[in-house]
Amino acid sequence: MNSGINLSTLDDAVRPADDLFRHVNGTWLAAAQIPADRATAGSFMDLFDQAEAKVRTIIDACAQKPNDDEQRKVGDLYTSFMDVDRIEALGAQPLAPALAQIGAVTDIDGFIAALGPIERSGVSGIFGMYVSPDQGSPDRYIVTLLQGGIGLPDESYYREEEFAEVRAAYEAHIARMLALAGIDNAEARAQRITAHETRIASGHWDRVACRDAQKTYNLLPRAELNALAPRFDWRVWSKTAGIDEAAFAEVVVSQPSYFQSLDALLTEEHLVDWLDWLRWQVVHAAAPYLSTPFVDENFDF
């Protein structure tokens, strides 16, 4: 009877009772070549490559100016992405509208209003958000809110001495990126940004606490969400972000105390810090798609 398993790939030199993994995978491990540009290989990577090839075929067809409007949008986006000569010629110009919008902000309410459309374009905000099945009631979907606002992997990078060199490199990286974007006083702004991210990180939960499924499941109605961060106007933010307010009638908040600490920073005293922080978010998010100096600096760090 054919089991459907390719028995020729088994390693008979290893007994299943001694090492089942080596018995099943030994032949592949001995012969497989990991591509030089990758850290891993296997069936899932093969499936990924196959899917990428199929997507490329679809996009190439869309780039041939089909009559279908939606396909043409895909094709136009791809064509613009591949127009490297124009990307190099534009340099930092694509950043100008968002940076001008930030420069026009005069108070914290304006900052919150500016966050919405900027985040809508794919830029990271002061908190994370996603929609998924409700852990406590899996028959419905719900918005989950979680801590955010920092550029290093987690809060420990901002306080532990072992990461001092990383922090210094990060600050220097921010300064170089801001300078590439044509933003003046790049080094002083970079210092302000890293200091502000350190304040934001001080309200973050550590990695251990974030892995606790019970602690991070906090189902809150809108009134309690408002109470966590009274200075953050969810109504204004959701409107400018183009999100239906009804989505926040009830939410899961992963780290409630983070939003309380965030509220303490949403003051006019920190407005300059927030605006430089937002400039950095815009530059960082766009860097992979801009001219070579941006791409190289982004990759190097």
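In which helix is glutamine 281 found? Glutamine 281 is found in helix H13 of this predicted model, and the legends below start from the whole chain and then turn to the pockets and to this residue.

**Figure 1. The whole chain, a predicted model with 14 helices and four strands.** The radius of gyration is 24 Å, well over the 19 Å that the globule rule gives for 301 residues, so the chain is more spread out than a compact globule. The C-alpha trace spans about 75 × 50 × 50 Å along the principal axes. Of the 301 residues, 36% are buried. Among contacts with a separation of 6 or more, 64% are between residues 24 or more positions apart. The accessible surface comes to about 17800 Å². Carbon and sulfur atoms account for 55% of that surface.

**Figure 2. The largest pocket, holding about 280 Å³ of space.** The lining consists of Pro94, Leu95, Ala98, Ile118, Ser121, Gly122, Val123, Val282, Ala285, Ala286, Tyr289 and Leu290. Helix H13, which covers residues 271–286, gives the largest share of this lining, with three residues. Sorted by class, ten of the lining residues are nonpolar and two are polar. No charged residue lines the largest pocket.

**Figure 3. The second largest pocket, with a volume of about 190 Å³.** Leu77, Tyr78, Ser80, Phe81, Ile87 and Tyr289 form the lining. Helix H3, made up of residues 69–82, supplies the largest share, four residues. The lining has five nonpolar residues and one polar residue, with no charged residues. Tyr289 is listed in the lining of the second largest pocket and also in that of the largest pocket.

**Figure 4. Glutamine 281 in helix H13.** Is this residue buried or exposed? Glutamine 281 has a relative accessible area of 7%. Buried means under 20% relative accessible area, so glutamine 281 is buried. Leaving out residues up to four places away in sequence, glutamine 281 touches Val123, Ser124 and Glu197. Of these partners, Val123 is also one of the residues that line the largest pocket. Helix H13 thus appears in two of these views: glutamine 281 is found in helix H13, and helix H13 gives three residues to the lining of the largest pocket.

Notes. Residues numbered from 1 in each chain as written. Predicted model: local features only at pLDDT ≥ 70, side-chain atom pairs only at ≥ 80, totals over all residues. Heavy atoms only, no water. 1 Å grid on protein atoms, 1.4 Å probe; cavity = no way out; pocket = protein on both sides within 12 Å on 5 of 7 lines; lining within 4 Å. Points joined across faces, edges and corners; volume = space filled by probe spheres on them. Helix = DSSP H or I, 4+ residues; strand = E, 2+ residues; numbered from the N terminus. Nonpolar A, V, L, I, M, F, W, Y, C, P; charged D, E, K, R; others polar. Rg over C-alpha atoms; globule rule 2.2 N^0.38 Å. Buried < 20%, exposed > 50% of the residue type's maximum accessible area, 1.4 Å probe, protein only. Contact = heavy atoms within 4.5 Å. Areas by Shrake-Rupley, 256 points an atom, 1.4 Å probe, with all protein chains shown as cover.
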